[in-house]
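Student: Please take me closely through one part of this model. I would like to see how the helices pack against each other, and what sits beside that packing.

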Amino acid sequence: MIDINDAEAALNYLKTTDTEAARAKAYAAALDDSKKTCLAMVYNGIEEKLSGVDKLKKAEGSDDYWEHLQKLKEANIEWEVLRNKRKSAELQIEMWRSVNSNQRKGNI
């Protein structure tokens, strides 16, 4: 059974991770937004005389673009893990509220 200490711990977790969650989400979004810019910078740096399609393929296979995608992947993982933990804390608080309400009504 969930008690007030569990609910307080969950609420404290939510309060202390607000900024961290916002930063993680913003960082993942910024990396996603800059994918095309990163690709364009690599594309424009290719000095070989290639067709546009070939330059694009080469840019997409570049180490710089790959590193950008890896950073995006890690940022998304960090954001999703944090989001899931915060959702679990929210559900724990909701469960405590339901149990508490039912106890007051005499249903438990």
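Tutor: What follows goes through the helix pairs one by one, with a stop at a few single residues.

This is a predicted model, in which local features need pLDDT of at least 70, side-chain atom pairs count only at pLDDT 80 or more, and totals for chains, interfaces and linings use all residues. Residues are numbered from 1 along each chain as its sequence is written, and side-chain values use heavy atoms, with hydrogens and water left out.

Start with α2 (18-33) and α5 (63-105). Helices here are DSSP runs of H or I with at least four residues, numbered from the N terminus. The axes of α2 and α5 lie 9 Å apart, at an angle of about 150°. That makes the two helices roughly antiparallel, a label for angles over 145 degrees. Axes are lines fitted to C-alpha atoms over the stretch in contact, and angles run from 0 to 180 degrees between N-to-C directions. α2 and α5 cross in a left-handed way. In a left-handed crossing the near helix is turned anticlockwise from the far one by less than a right angle; clockwise is right-handed.

Now the residues. On the α2 side, D18, E20, A21, A24, K25, Y27, A28, L31 and D32 make the contact. On the α5 side, H68, K71, L72, A75, N76, E78, W79, L82 and R86 do so. Contact means heavy atoms within 4.5 Å. By class, this contact has nine nonpolar, two polar and seven charged residues. Ala, Val, Leu, Ile, Met, Phe, Trp, Tyr, Cys and Pro count as nonpolar, Asp, Glu, Lys and Arg as charged, and the others, Gly among them, as polar.

Stay with R86, in α5. Its relative accessible area is 15%, so R86 is buried. Buried means under 20%, exposed over 50%, and partly exposed in between, with a 1.4 Å probe and protein chains only. Beyond residues up to four places away in sequence, R86 touches Y13, L14, T17, D18 and A21. Its side chain makes a polar contact of 2.9 Å with the side chain of D18. A polar contact is a pair of N or O atoms within 3.5 Å; within protein, one must be able to donate a hydrogen and the other to accept it, and residues adjacent in sequence count only if both atoms are side-chain atoms.

T17 belongs to the same picture. It lies in the loop between α1 (4-16) and α2. T17 is buried because its relative accessibility is 4%. The side chains of T17 and R86 share a polar contact of 2.6 Å. Beyond its neighbours within four places, T17 also contacts L82.

Next, α3 (35-45). Its axis and that of α5 come within 9 Å and cross at roughly 165°. α3 and α5 are therefore roughly antiparallel. This crossing is right-handed. K35, C38, L39 and V42 of α3 meet D64, Y65, H68, L69 and L72 of α5. The classes are six nonpolar, one polar and two charged.

Finally, α3 meets α4 (52-60): the axes come within 9 Å and cross at roughly 120°. That makes the pair oblique, the label for angles outside the ranges under 35, 65 to 115 and over 145 degrees. α3 passes α4 in a right-handed crossing. L39, V42 and Y43 in α3 meet G52, K55, L56, A59 and E60 in α4. Five of these residues are nonpolar, one is polar and two are charged.
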